[in-house]
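Work through the following exercises with the sequence and the model side by side. Each task is followed by a solution in steps.

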Amino acid sequence: MTKEQKYEELLLEVAGLTADETDEIANMANIAAAIHTKMGFHWTGFYRVLPTPDGSGEELVLGPFQGPVACTRIRFGRGVCGTAWKERRTLIVPDVEQFPGHIACSALSRSEIVIPILRKGAVVAELDIDSAELDTFDAVDEHYLTVLVTSLGSTGKS
Ligand code: SME
């Protein structure tokens, strides 16, 4: 099965899983599990933009995920995730060792894709995927993964 065929099946699966569910966490949990199981990535999960404990700002906080344990909080502009948030754009990193400031949650991660989820122009969450191999992600992954998480940005829920 090609990568495109796997993603086409994922689109149908995720549409079915999320169609009647309005809870964002529940949908993130099933989307992460569906992607991870189908594609065999090293780590697949979400970070949500939430207020810092002291209320002074916002930071990325670990959400539903599949894979090894991960960093719980990431600040604006830090690492691949914080940079994607700051720049409000998808980042594809072919070799994480070449990305200045990359946050190594797992020593096995070699490449990464981070897709911001926007609501009314603001980043509210991110889909973050790590691969144990170099240069895993391309425009095909970006296209399908963006479609897979688009509904999360339009639910109006948080
Ligand atoms: N590598 C990310 C941190 C999150 S983990 O990969 C799950 C980063 O540099 O932001």
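**Exercise 1. Cysteines**

Task: Classify Cys105 as buried, partly exposed or exposed, and determine which cysteine it is bonded to.

Solution. Step 1: Cys105 has a relative accessibility of 31%, so it counts as partly exposed; buried means under 20% relative accessible area, exposed over 50%, and partly exposed in between, with a 1.4 Å probe and protein chains only. The model is a predicted one, in which local features need pLDDT of at least 70 and side-chain atom pairs count only at pLDDT 80 or more, while totals for chains, interfaces and linings use all residues. Residues are numbered from 1 along each chain as its sequence is written, and side-chain values use heavy atoms, with hydrogens and water left out.

Step 2: A disulfide is a covalent bond between the sulfur atoms of two cysteines. The criterion applied here is a pair of cysteine sulfur atoms within 2.5 Å. The structure holds 1 disulfide, formed by Cys71 and Cys105 with their sulfur atoms 2.1 Å apart.

Step 3: The angle about the S-S bond of Cys71 and Cys105 is -125°, and the link is left-handed. The pair joins distant parts of the chain, 34 residues apart: Cys71 sits in the loop between β2 (58-66) and β3 (73-74), and Cys105 in the loop between β4 (91-93) and β5. Helices (H or I, at least four residues) and strands (E, at least two) are DSSP runs, numbered from the N terminus.

Step 4: Cys81 is in no disulfide, and the nearest cysteine sulfur, that of Cys105, is 7.5 Å away. With a relative accessible area of 4%, Cys81 is buried.

**Exercise 2. Ligand surroundings**

Task: Find which residues come nearest to the ligand, and list polar contacts to its nitrogen atoms.

Solution. Step 1: There are 13 residues around the ligand, of which Val80, Cys81, Ile103, Glu112 and Asp130 come nearest; a residue is near a molecule if one of its heavy atoms lies within 4 Å of it.

Step 2: A polar contact is a pair of N or O atoms within 3.5 Å; within protein, one must be able to donate a hydrogen and the other to accept it, and residues adjacent in sequence count only if both atoms are side-chain atoms. From its backbone, Ile103 places an N or O atom 2.8 Å from a ligand nitrogen. Glu112 has a polar side-chain atom 3.0 Å from a nitrogen atom of the ligand. For His102, an N or O atom of the side chain is 3.3 Å from a ligand nitrogen.

Step 3: The ligand taken alone exposes 300 Å², and the protein buries 100% of that. Accessible areas come from the Shrake-Rupley method with a 1.4 Å probe; for residues, only the protein chains shown count as cover.

**Exercise 3. Nonpolar cores**

Task: Identify which elements supply at least two residues each to the largest nonpolar core.

Solution. Step 1: A nonpolar core is a set of buried Ala, Val, Leu, Ile, Met, Phe, Trp, Tyr and Cys residues joined through side-chain atoms within 4.5 Å. The largest has 23 residues, and Tyr7, Leu10, Ile35, Phe46, Leu127, Ile129 and Leu145 have the most contacts inside it.

Step 2: At least two residues of this core come from each of α1 (3-18), α2 (24-39), β5 (111-119), β6 (122-131) and α4 (139-153). The largest share, 6 residues, is that of α2.

Step 3: Apart from this core lies another, of 16 residues, including Ala70, Ile74, Val80 and Leu91.

Step 4: Leaving aside residues up to four places away in sequence, Phe46 touches Met28, Ile31, Ala32, Val61, Leu62, Gly63, Pro64, Ile117, Glu126, Leu127, Val149 and Leu152. Contact means heavy atoms within 4.5 Å.

**Exercise 4. Positive phi**

Task: Describe the phi angle and setting of Lys120 and of Asp135.

Solution. Step 1: Lys120 is not a glycine, yet has a positive phi of about 50°. Lys120 belongs to the loop between β5 and β6 and, at 88% relative accessibility, counts as exposed.

Step 2: Asp135, also not a glycine, has a positive phi of about 55°. Its place is the loop between β6 and α4, and with 55% relative accessibility Asp135 counts as exposed.

**Exercise 5. Two helix residues**

Task: Is His36 buried or exposed, and which residues does Thr83 touch?

Solution. Step 1: His36 lies in helix α2 and is buried, at 15% relative accessibility.

Step 2: Thr83, in helix α3 (residues 79-87), is buried with a relative accessible area of 14%. Not counting residues up to four places away in sequence, Thr83 touches Gly77, Arg78, Leu91 and Phe99.
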